[in-house]
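Biologist: I should like a close look at one loop of this model and at the parts of the fold to which it leads. Please begin with the residue I ask about and continue outward from there.

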Amino acid sequence: NIHDLLTKVRAKATEEPSARGSPFSDFLASSAVVPSWADRDMILRGQRVHAAHLPFMGLSLFSGSLVGGAQFTTAAVVTALAGNITTDPTRRINETGLLLAALAFPGSLFDPGSEAHDSLLRVRLLHSALRHWLPRSGRLKAHRQLVSPQVYVEGEVPINQQDLAITLGVFCYINLRSLRLMEVVLCERDIKCYVHMWRYAGYILGISDPLLPETLEDQEEFMLASMLHQGVPEAINGPATKRFIDAFAQDASTNSRGMLPFWAVQSFLYQMTRYLNGNDYISGMGIEALS
């Protein structure tokens, strides 16, 4: 099961418990190390902020982060090549939702073996597996044609450190920016703790220290530079992005037994996507303003 490689790694590590130098046991040992800068109290408070505002963050993370992040075409293309969106659009939403729900329980992240810590390690192993599999599967050959020439680098395998740091910024900086646009205003201490929580999450995901944000301003600077480097909003696959939103809208309508009509959820999510990201950053989606 590619979505639970952590269980496989743990099983392999216990097959020969006395062996030294096993890549499986070495990975588990290194991933259990807590960095000296990690502050348990700040991470707990960051998780409480996440939990307290989860209903708003759900909308922010979907419309502002997941959908808005389509401007970073390399990540969007790799997700499509891996089949996360094209085969089952709601699967990625559900998988991401489970991870975000795990973060909402204070105490579930800091200690190795806790629920959110394990969830992030599973994502890290999934990313590693995709980096190994995509070039060998032949699917990566389409990468050159699917991204802008200004973004494509010959021989570079996607899901590299910058790609991972962009994803971290989408869930942290872009999320906080979207919350502010929704008039959810956090105090300075809560923002610092929330950024610290995601910094630690990024560490678990294997992102190198120089790319882990110490402050919101650090991550804002990185994200603005990455938008200039990788952001190609005019190259967004509009029909595919709309199908992604529509699948979620249909799911919401079905789960509400029709109390939330599909057209109403669809229209709301389209307009929230425009509002939270700005017209210039979703130009390829073809979402028009309501008259």
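Where is Glu183 found?

Modeller: Glu183 is found in the loop between α10 and α11; helices here are DSSP runs of H or I with at least four residues, strands are runs of E with at least two, and both are numbered from the N terminus. The model is a predicted one, in which local features require pLDDT of at least 70 and side-chain atom pairs count only at pLDDT 80 or more, while totals for chains, interfaces and linings use all residues. Residues are numbered from 1 along each chain as its sequence is written, and side-chain values rest on heavy atoms, with hydrogens and water left out.

The backbone of Glu183 deserves attention: its phi is near 65°, a positive value in a residue other than glycine. With a relative accessibility of 69%, Glu183 counts as exposed (under 20% relative accessible area is buried, over 50% exposed and in between partly exposed, with a 1.4 Å probe and protein chains only). Arg257 may be set beside it. Its phi is near 55°, again positive in a residue other than glycine. Arg257 belongs to the loop between α13 (238-255) and α14, and a relative accessible area of 79% makes it exposed.

From the loop that holds Glu183, the chain leads into helix α11, which spans residues 188-204. One contact of this helix is a salt bridge between Asp190 and Arg45, whose closest N and O atoms are 2.7 Å apart (a side-chain nitrogen of Lys or Arg within 4 Å of a carboxyl oxygen of Asp or Glu). Because Asp190 lies in helix α11 and Arg45 in helix α3, this pair ties together parts that are 145 residues apart in sequence. The two partners fall into separate classes of accessibility: Asp190 is buried, at 15% relative accessible area, whereas Arg45 is partly exposed, at 31%.

Further along α11 comes an aromatic pair within the helix itself. Tyr194 and Trp198 are edge-to-face, 6.5 Å from centre to centre and with 75° between the planes (rings of Phe, Tyr and Trp, the last by its six-membered ring, pair if their centres lie within 6.5 Å, and planes under 30 degrees apart are stacked, over 60 edge-to-face and the rest tilted). These two residues are 4 apart in helix α11, so about one helical turn separates them. Tyr194 and Trp198 are both buried.

In total, the structure has 8 aromatic pairs. Another of them reaches out of the helix: the ring centres of Trp37 and Tyr200 are 6.4 Å apart and the planes stand at 80°, so this pair too is edge-to-face. Since Trp37 lies in the loop between α2 (23-31) and α3 (40-52) while Tyr200 is in α11, the contact ties together parts that are 163 residues apart in sequence. Tyr200 is buried, at 0% relative accessibility. Ring pairs also join Trp37 and Tyr200 with Phe110 and Tyr203 in a cluster. In addition, Arg199 lies over the face of Trp37, 3.8 Å from the ring centre (for such a contact, NZ of Lys or CZ of Arg must be within 6 Å of the ring centre and within 35 degrees of the ring normal).

Helix α3, already met through Arg45, has a further link through Arg40. Asp111 forms a salt bridge with Arg40, and the closest N and O atoms are 2.9 Å apart. Asp111 is in the loop between α6 and α7 and Arg40 is in α3, so this bridge ties together parts that are 71 residues apart in sequence. Both ends are partly exposed, Asp111 at a relative accessible area of 32% and Arg40 at 37%.

The structure holds 5 salt bridges, and one more of them may be added to those of α3. It connects Arg122 with Asp4, the closest N and O atoms being 2.6 Å apart. Arg122 sits in helix α7 (residues 115-137) and Asp4 in the segment before α1 (5-15), so the parts tied together are 118 residues apart in sequence. Arg122 is partly exposed, at 24% relative accessibility, and Asp4 is partly exposed with a relative accessible area of 24%.

To return to your loop: Glu183 itself is exposed, while in the helix that follows, Asp190, Tyr194 and Trp198, and Tyr200 are buried. Helix α11 is linked to α3 by the bridge from Asp190 to Arg45, and to the loop between α2 and α3 by the ring pair of Tyr200 and Trp37.
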